[in-house]
Amino acid sequence: LQNKIIKVIDGVVFPTLVDGKTPFDTIAKRLIIVDNLPILAEFKDVCLSPHPVYDIVCTGSLTSDRGIKEMLNAARQTNSTVCLAGKFSPPEFKCELEKNGLLDKNVDFRGYCGRDDIIDILRHSRIVLSNIHDVGQYSHIENLPTKVYEAMAIGLPVVISNFSYTVALNDEINFAITV
């Protein structure tokens with residue numbers, strides 16, 4: 001049904017290439033790719049705080065597939081402070097983390113935050129983590145999570161999953177540590 005509809009509509013907007021193409025390359029009349037990108041003007045006059053509050057920050061969807069549990073375990077082992085800004089999905093995932101004692105006193109869970117709050121959190125952080133698991137489409141996507149572009153815009157170091165696109169881009173512009 002989707003392919004039949006796409007053949008008759010004027011165009012498709014898709015978020016990124018997946019392994020060099022989109023699922024609609026051969027059937028859409030017109031295709032526009034809209035990558036994740038920050039609004040650079042929001043970061044124009046933003047400076048990193050000389051006294052960071054958080055060692056680690058993770059913004060966006062807070063899911064198991066995005067490595068939240070592993071990040072919190074690592075933070076616990078290193079006594080690092082963490083800021084989580086986003087929504088847990090599913091909501092039961094938050095309960096699981098609480099049950100395992102991972103949302104402790106070193107974790108500041110902010111929930112959903114607006115743009116100004118995200119920028120303020122970033123400027124008071126030491127590092128951004130984007131350690132997505134190799135499941136589903138994640139390792140095939142040819143762009144970076146918005147949080148990574150935001151970290152780059154403010155000058156924060158990034159630790160990111162070592163997917164082929166990420167590794168190739170990092171080899172070219174050296175913006176992260178890939179794991």
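Tutor: Before we look at this predicted model, take one term with you: two residues are in contact when heavy atoms of theirs lie within 4.5 Å.

Student: Which elements do the buried residues of α4 pack against?

Tutor: They pack against the strands β3 (54-59), β4 (82-85), β5 (107-111) and β6 (125-130), and also against α5 (146-154). The buried residues in question, in helix α4 (residues 115-123), are Ile118, Ile119, Ile121 and Leu122.

Student: What puts these residues on the same side of α4?

Tutor: Ile118, Ile119, Ile121 and Leu122 cover an arc of only 160° around the axis, and therefore they lie on the same side of α4. As a general rule, an α-helix has 3.6 residues a turn, so residues three or four places apart point the same way.

Student: Which residues are buried in helix α6, and how do you know that they share a side?

Tutor: In α6 (residues 164-173) the buried residues are Thr166, Leu169 and Asn170. Because they cover an arc of only 100° around the axis, they are on the same side of α6. On the other side of α6, Ser164, Asp171 and Glu172 are exposed, while the cover over the buried residues includes β7 (158-160) and β8 (177-178). Just after this helix, Asn174 takes a positive phi of about 45°.

Student: Why is Thr22 called buried?

Tutor: The term requires a relative accessible area under 20%, and Thr22 has 5% relative accessibility, so Thr22 counts as buried. Thr22 is found in the loop between β1 (12-14) and β2 (31-33), and, leaving aside neighbours within four places in sequence, Thr22 is in contact with Phe14, Thr16, Leu17, Leu31 and Ile33.

Student: What makes the link between the side chains of Thr22 and Asp25 a polar contact?

Tutor: The cut-off for such a pair of N or O atoms is 3.5 Å, and the side chains of Thr22 and Asp25 are joined at 2.9 Å, which is a polar contact.

Student: How much space lies in the largest pocket, and which residues are closest to its centre?

Tutor: The largest pocket holds about 430 Å³ of space. Its lining has 23 residues, and those closest to the centre are Asn36, Arg66, Ile132, Asn143 and Pro145. By class, the lining of the largest pocket divides into 10 nonpolar, 11 polar and two charged residues.

Student: Which residues line the second largest pocket?

Tutor: The lining of the second largest pocket includes Thr59, Lys87, Tyr112, Arg115, Ile118 and Glu150, and about 200 Å³ of space lies in that pocket. Its lining has four nonpolar, four polar and three charged residues.

Notes: Residues numbered from 1 in each chain as written. Predicted model: local features only at pLDDT ≥ 70, side-chain atom pairs only at ≥ 80, totals over all residues. Heavy atoms only, no water. Buried < 20%, exposed > 50% of the residue type's maximum accessible area, 1.4 Å probe, protein only. Helix = DSSP H or I, 4+ residues; strand = E, 2+ residues; numbered from the N terminus. Arc of directions from axis to C-beta. Polar contact = N/O pair within 3.5 Å; in protein donor to acceptor, adjacent residues only side chain to side chain. 1 Å grid on protein atoms, 1.4 Å probe; cavity = no way out; pocket = protein on both sides within 12 Å on 5 of 7 lines; lining within 4 Å. Points joined across faces, edges and corners; volume = space filled by probe spheres on them. Nonpolar A, V, L, I, M, F, W, Y, C, P; charged D, E, K, R; others polar.
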